[in-house]
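Let us take a friendly walk through this protein, from its overall layout down to a few individual residues. Please have the sequence and the model open beside you.

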Amino acid sequence: MLTRKKKLFIILGLALLLIVTGYLNVALNSNTSIASETATTSADFFAAYRQDRNYTRNLELEYLDAIITSTNSTADYVSTATNKKLALVAQMDRELILEGLIASAGFSDVIVTGSADNLNIIVKSDGLTSNDVAKILTIVVDETKINPSNVKITSLAA
């Protein structure tokens, strides 16, 4: 039969092995995931961004709908939530239209985001020429009437 000291020694040894195993598991998995994330970042950026944006927008719409339909909401809250929902839907529509128009101008993928007065445009490209920027800017200004100085165009390598 094992003595008390031997049992304690075995338990401490097993605990130490468990801690070392956990540490190695975390360390090795985090290094692997960082390397794989770096390799796929540009390739998956557009899909991941759209997925995150859609998820967030759906949550926003659900929150606004909850305020609008709640019997506890005051008339002011319902009005504010309705206006915010309409503005969000208009923003979503504007982004979708601009993304389609810019893509139809020959760009393989594009994301448009921003506010009523500012737009950020990310285009999948190995580099934008001044003609590319002018083409995108013309589409945006013609469609939205936003001041060109409030439009930021960025390229992301394919």
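How many helices and how many strands does the protein have? The protein has three helices and three strands, where helices (H or I, at least four residues) and strands (E, at least two) are DSSP runs numbered from the N terminus.

## The model and its confidence

This is a predicted model, in which local features need pLDDT of at least 70 and side-chain atom pairs count only at pLDDT 80 or more, while totals for chains, interfaces and linings use all residues. Residues are numbered from 1 along each chain as its sequence is written, and side-chain values use heavy atoms, with hydrogens and water left out.

The average pLDDT of the protein (the predictor's confidence in each residue, from 0 to 100) is 82, and 73% of the residues score at least 70. Please be careful with residues 32-36: pLDDT stays under 50 there, and the model has zero contacts for them beyond four places in sequence. Contact here means heavy atoms within 4.5 Å.

## Overall layout

Along the sequence, the elements follow the pattern α-α-β-β-α-β. Of the 158 residues, 19% count as buried; buried means under 20% relative accessible area, exposed over 50%, and partly exposed in between, with a 1.4 Å probe and protein chains only. If we take contacts between residues at least 6 apart in sequence, 60% of them join residues at least 24 apart.

## The sheet

The three strands make an open sheet, ordered β1-β2-β3, with mixed pairing; two strands pair if DSSP finds at least two bridges between them. β1 and β3 (151-156) are the edge strands, each pairing on one side only. From one strand to the next, the twist averages 15°. For angles, axes are lines fitted to C-alpha atoms, for helices over the stretch in contact, and the values run from 0 to 180 degrees between N-to-C directions.

β1 and β2 form a hairpin with four residues between them, and they pair in the antiparallel sense over five bridges. Within this pair, Thr 113 stands opposite Asn 120 in β2. β2 and β3, in turn, run parallel and are joined by six bridges; Ile 121 has Ile 153 in β3 as its bridge partner.

## Helix, strands and core

Helix α2 lies across β1 and β2, at about 150° to β1. Because four of its five residues are buried, β1 is largely enclosed by the rest of the structure. β2 shows two faces: Leu 119, Ile 121 and Val 123 are on the covered one, and Asn 120, Ile 122 and Lys 124 on the uncovered one.

The largest nonpolar core has 13 residues, and those with the most contacts inside it are Ile 102, Val 112, Ile 121, Ile 136 and Val 140. Such a core is a set of buried Ala, Val, Leu, Ile, Met, Phe, Trp, Tyr and Cys residues joined through side-chain atoms within 4.5 Å. At least two residues of this core come from each of α2 (75-104), β1 (110-114), β2 (119-124) and α3 (130-144). Beyond its neighbours within four places in sequence, Val 140 is in contact with Leu 98, Ile 102, Leu 119, Ile 121, Lys 145 and Val 151.

## Three residues to look at

Where is Gly 100? Gly 100 lies in helix α2 and is partly exposed, with a relative accessible area of 40%. Its C-alpha is 9.6 Å from that of Ile 111, and the two residues are eleven apart in sequence.

Ser 125 sits in the loop between β2 and α3. Is Ser 125 buried or exposed? With a relative accessible area of 13%, Ser 125 is buried. A polar atom of the Ser 125 side chain lies 2.8 Å from the backbone oxygen of Gly 127.

Lys 145 belongs to the loop between α3 and β3, and at 66% relative accessibility it counts as exposed. Phi of Lys 145 is near 65°, a positive value in a residue other than glycine. Most residues other than glycine have a negative phi.

Note on methods: Polar contact = N/O pair within 3.5 Å; in protein donor to acceptor, adjacent residues only side chain to side chain.
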